[in-house]
Amino acid sequence: PATQVIDTPMNAHLHPLVPPAGGTEIHPARLIAAAQSVFDNEARALLTLRARVDGAFVAACRAMLASHGRVVTTGMGKSGHIASKIAATLASTGTPAFFVHPGEASHGDLGMITEHDVVLALSYSGESDEVLTIVPVLRRQGNTLIAMTGRAESTLARLSDIHLDVAVEEEACPLGLAPTTSTTASLAMGDALAVSLLEARGFTSDDFARSHPAGSLGRRLLLRIADVMHAGAEIPRVAGDATISQAVVEMSQKRLGMTAVVDADNRLLGVFTDGDLRRAMDDPNADLRATPVATVMGRAPKSLPPDRLAVEAARMMEDHKISAVVVVDEEQRVVGALNIHDLLRARVV
């Protein structure tokens, strides 16, 4: 259906289908067709790029793996944005890397690049003045230079030790001016380098978590039960000869929804939970002040050692439909306790 055009220039920006004053209305089908054309264009370019993963790509990976320094990426304009993202991806997947702006490099930031570093320079034309200005300095310093361009005959490609060809037939931009498909190709080549290096280094999910400690994956792979459990006086526990009412008092004070029942050596005998209390209260003949908690407690409680991952406690709670877990050492002595709220606060679940 046609979109109603409000004949007020100041309101023209409020709806994406409302054209500027005096313009022609834009139909949704045209917008969708334009978007799909971009996807088709860039998909074809990536499939073409796939066939160009050859000896030069292998040489680039080997140079980065052999380096005793870091990978320094650089580039101007849109290529600079892509180079910065490639550096970030490399760094988070086991290859130390950072971005240097080529313009700033000529004014002192070249001092950030040591002779042991590998330099990955991006310029689709291969003729970026700012990048070419620093190339002679890098060559004199002995840096391995990897160029990523769309022109194998360009100056940057010819001056490099290794050239990665990211040429595309055409940009997705209908004017053929805005870097679109070419930046996608460069970004994909950077991702290919990062993933190939990741596999070559044997980089694991634990390694990834160590470089992302604040992320959800980092918390799941690094946080131990000992980091989130209640310990010492905060542990709810009663002796094996305690009564139900004594156990209820302990549960109320420690607020974990359960209490461990232990022997004289603090070894776990069982667990008394809110559910056990409700079942005991359903017995009209039960005397909560006199009945030993040991007669109604669970005698096969779920427990985990403190050095296990907190996410394992979450998984145990989910699998067994429980809300708390007792933490024990190798000799089954109670050393901690935690419930689902502790895991939620730690953002493990």
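This passage describes two pockets, a set of paired strands and one helix residue in a predicted model.

We can start with the pockets. The largest pocket holds about 300 Å³ of space. Its lining is made up of 18 residues, and those nearest the centre are Val-271, Thr-273, Lys-302, Ile-322 and Ala-324. Three elements each supply two or more residues to this lining: strand 8 (268-273), helix 12 (274-281) and strand 10 (324-328). Sorted by class, the lining of the largest pocket comprises eight nonpolar, five polar and five charged residues.

The second largest pocket has a volume of about 200 Å³. It is lined by 15 residues, with Met-76, Ser-79, Ser-123, Tyr-124 and Ser-125 the closest to its centre. Here the elements that contribute two or more lining residues are helix 3 (77-92) and helix 7 (181-201). Of these, helix 7 gives the most, namely three residues. Seven nonpolar residues, seven polar residues and one charged residue make up the lining of the second largest pocket.

Attention now turns to strand 4, which spans residues 144-149 and is mostly covered, with five of its six residues buried. Strand 4 has a parallel partner in strand 3 (residues 118-122), to which it is joined by five bridges. It also pairs with strand 5 (residues 162-165), again in the parallel sense, over four bridges. A handy residue for following these pairings on the structure is Ala-147. This residue of strand 4 stands opposite Ala-121, and its bridge partner in strand 5 is His-163. The connection from strand 3 to strand 4 involves helix 5 (residues 129-141), and the three elements together form a right-handed β-α-β unit.

Finally, a look at Ala-34 brings in the helix at residues 28-50, helix 1, where this alanine is found. Ala-34 has a relative accessible area of 42%, so it counts as partly exposed, a class that lies between the cut-offs of 20% for buried and 50% for exposed. In sequence, 138 residues separate Ala-34 from Ala-172, while in space the two are 9.3 Å apart, taken from C-alpha to C-alpha.

Notes: Residues numbered from 1 in each chain as written. Predicted model: local features only at pLDDT ≥ 70, side-chain atom pairs only at ≥ 80, totals over all residues. Heavy atoms only, no water. 1 Å grid on protein atoms, 1.4 Å probe; cavity = no way out; pocket = protein on both sides within 12 Å on 5 of 7 lines; lining within 4 Å. Points joined across faces, edges and corners; volume = space filled by probe spheres on them. Nonpolar A, V, L, I, M, F, W, Y, C, P; charged D, E, K, R; others polar. Buried < 20%, exposed > 50% of the residue type's maximum accessible area, 1.4 Å probe, protein only. Pairing = 2+ DSSP bridges. Right-handed = clockwise from strand over helix to strand, strands pointing away.
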